[in-house]
Amino acid sequence: MSEQKVYNDYFYDEPVYDLHDGGYVPLKVPDVPEKPLTIPSVLKPDKVDGNDVWYTIRAQAGETQILPGAKTKTWGYNASLLGQTVVLKDGVHYHVHIINELPEVTTLHWHGLNVPGPVTDGGPHAPIYPGESRDIDFTLNQPAQTDWIHPHPCPNTARQVWNGLAAAVVVTDDVESKLPFPRNYGVDDIPVILQDRSYHDNQLDYDADYDVDGTLGDTPLVNGTVNGVFKVTTQRIRLRILNGADRREYRLHFSDDHEFTQVGSDGGILPAPVKLTKLMLTCAERAEVIVDFGDHKPGDRVQLMSDDVPLMTFEIGDLEPDNTQLPDHLVDLADWEPTPGLPVEKTVMSGMDDEVRLDGKLFDMQRIDRKQKLGDVVDWDVTNTNDMGSGMIHPFHMHGCHFLVLSRNGKAPYPNERGYKDVVGVNAGETVRIRVMFDVPGVFMYHCHILEHEDTGMMAQIEAYDPDHPQTFHLLSMDDVNNRTNQN
């Protein structure tokens, strides 16, 4: 890789960082012993038959040793907390059996996967009731990327994620596999799921910590580990970083201001690597970064920080020299041009606290707010009307598609936003133009990904339709879901 500019900026507008919010809960340095960083195991298939693969994913309750003393009651996917990493490959047909062993209705949303909606996608129209299961199948058709699964029941997404339901999804393809990236999972290719929680006698109490503007905790966790240590055994490591928090923004840097290179974003590998010393992720954003520890000696310890609080520690071992260089160009992006004759779609995120709205409305499960034809390329203007002096950043997420960020208030997007994405943080008083295309049909959510905001109703629905193959979708109401729940 030739000499590149190194960015030492978080890019977002500092006056609207979450730490200026009146309800902000600062992270504290945990006064607990260090422990090895938990690396989630990889989910094993139930069966493989040619190009078909079968998985079982179980939403379950359990107990997890997070802090010294009593274990914490938690939820997870095939685990007591978070879940096993699901590895998928482009072009393969998957059959997934989803079991709900929780005491309440849930769903399983494939955040970042372009799969049909509303049921396969796993939004609120795909409820799985206690003691029941759901079977879905899909053929994956998208580039390599880091995604995740999490629940999406309306209006209990935030609490279920707070209880522990979230897991990494790694999508692979033949293009990414030829790039000189670390990819030995658990050794030099590791998930870094960032979350925050508060504990009350070692237990979670979501109602006690609840904030309608986004619930925050005072204890930082990485992969469910407090004060985690990862022993570095290779000079180059790849971190698949996910902001899995309900509300918190993460402003990431290393304790020694070490440079790192971002190679991937929400929707896959970036067209070119970007060198950084600082990286800010709003809720649900992902970033794949490669860190080269070749300038450190055995025994060195480097902390990953958010603002001034350490999240985890990298302990440097005896490393073999690695002179691998990244190319200046990584992947090609499709040449999307707007479909002629279509207007720019405009959507507005407004308000704070319980006054949040999307286009002035609250979510209605049976209302289709927009339609877009499969294959059409449409520009959207996503506006955050919050006041620039006292407002907040709203992370905008679309199901069932990826998009390109074209501009911010008419200016160039941030340097690490030039690939496909499915979440974009929109500053207060800002309009972000994105270019959107759907290639799978269905009814899909678009919403603010501060989880309490989507639960409050800052969410809408779009139907991606194929005029040559029209479909009728049965859209549940909240009463439908609640009545069935009460009968169980």
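Two residues are said to be in contact when heavy atoms of theirs lie within 4.5 Å. In this predicted model, residues 24 or more positions apart account for 77% of the contacts with a separation of 6 or more. That figure is a helpful way into the overall picture of the protein. The secondary structure comes to 4 helices and 34 strands. Along its principal axes, the C-alpha trace spans about 60 × 55 × 55 Å. For 488 residues, a compact globule would have a radius of gyration near 23 Å, and the 21 Å of the protein agrees with this. Buried residues make up 60% of the 488 residues. The protein exposes about 18400 Å², and carbon and sulfur atoms supply 48% of that area. There are 40 positive and 77 negative charges, and the mean positions of the two sets are 1 Å apart.

The strands can now be taken sheet by sheet. Strands of a sheet pair through backbone hydrogen bonds, either parallel or antiparallel. In one open sheet, 7 strands follow the order β1-β19-β18-β21-β16-β13-β14, with mixed pairing. The edges are taken by β1 (6–7) and β14 (219–222); each has a single partner strand, so one side of each is left without a neighbour in the sheet. Within this order, β13 and β16 (residues 236–243) pair in the parallel sense over 6 bridges. One of the residues involved is Val192, whose bridge partner in β16 is Ile241.

A further open sheet holds 6 strands in the order β25-β24-β27-β32-β29-β30, and the pairing is again mixed. Its edge strands are β25 and β30 (420–421), each of which pairs on one side only. Strands β27 (residues 377–384) and β32 (residues 430–437) are joined in the antiparallel sense over 8 bridges. Here Trp380 has Ile434 of β32 as its bridge partner.

Strand β28 (residues 394–398) is worth a closer look. All 5 of its 5 residues are buried, so the strand is largely enclosed by the rest of the structure. In a regular strand the side chains alternate between the two faces of the sheet. In β28, His394, Phe396 and Met398 point one way, while Pro395 and His397 point the other way. Residues on both sides of β28 are buried. This strand also has two antiparallel partners to follow. With β31 (residues 423–426), β28 shares 4 bridges in an antiparallel arrangement, and His394 stands opposite Val426 there. With β33 (residues 442–448), β28 pairs over 3 bridges, also in the antiparallel sense; Phe396 has Cys448 of β33 as its bridge partner.

A single residue can show how parts of the chain meet. Trp148 sits in strand β11 (residues 145–150). Its relative accessible area is 1%, and because buried means under 20%, Trp148 counts as buried. Leaving aside neighbours within four places in sequence, the contacts of Trp148 include His109, Trp110 and His111. Ala166, Ala167, Ala168 and Val169 are also among them. Further along the chain, Trp148 touches residues including Leu242, Gly244, Ala284, Arg286 and His449. For Ala166, 18 residues away along the chain, the C-alpha atom is separated from that of Trp148 by 6.9 Å.

Some features of the backbone also deserve attention. Most residues other than glycine have a negative phi, and most peptide bonds are trans. Against that background, the peptide bond from Gly117 to Pro118 is cis, with omega near 5 degrees. Pro118 is found in the loop between β9 (109–111) and β10 (133–139). A cis peptide bond also runs from Cys154 to Pro155, with omega near 5 degrees, and Pro155 belongs to the loop between β11 and α1 (157–163).

Positive phi values occur at two residues described here. Asn202, which is not a glycine, has phi near 75 degrees and lies in the loop between β13 (189–197) and α2 (206–209). With a relative accessibility of 12%, Asn202 counts as buried. Asp359, also a residue other than glycine, has phi near 55 degrees, and its place is the loop between β25 (357–358) and β26 (370–373). At 27% relative accessibility, Asp359 counts as partly exposed.

Key:
Residues numbered from 1 in each chain as written. Predicted model: local features only at pLDDT ≥ 70, side-chain atom pairs only at ≥ 80, totals over all residues. Heavy atoms only, no water. Buried < 20%, exposed > 50% of the residue type's maximum accessible area, 1.4 Å probe, protein only. Rg over C-alpha atoms; globule rule 2.2 N^0.38 Å. Areas by Shrake-Rupley, 256 points an atom, 1.4 Å probe, with all protein chains shown as cover. Lys, Arg positive; Asp, Glu negative; His and termini not counted. Charge placed at Lys NZ, Arg CZ, Asp CG, Glu CD. Pairing = 2+ DSSP bridges.
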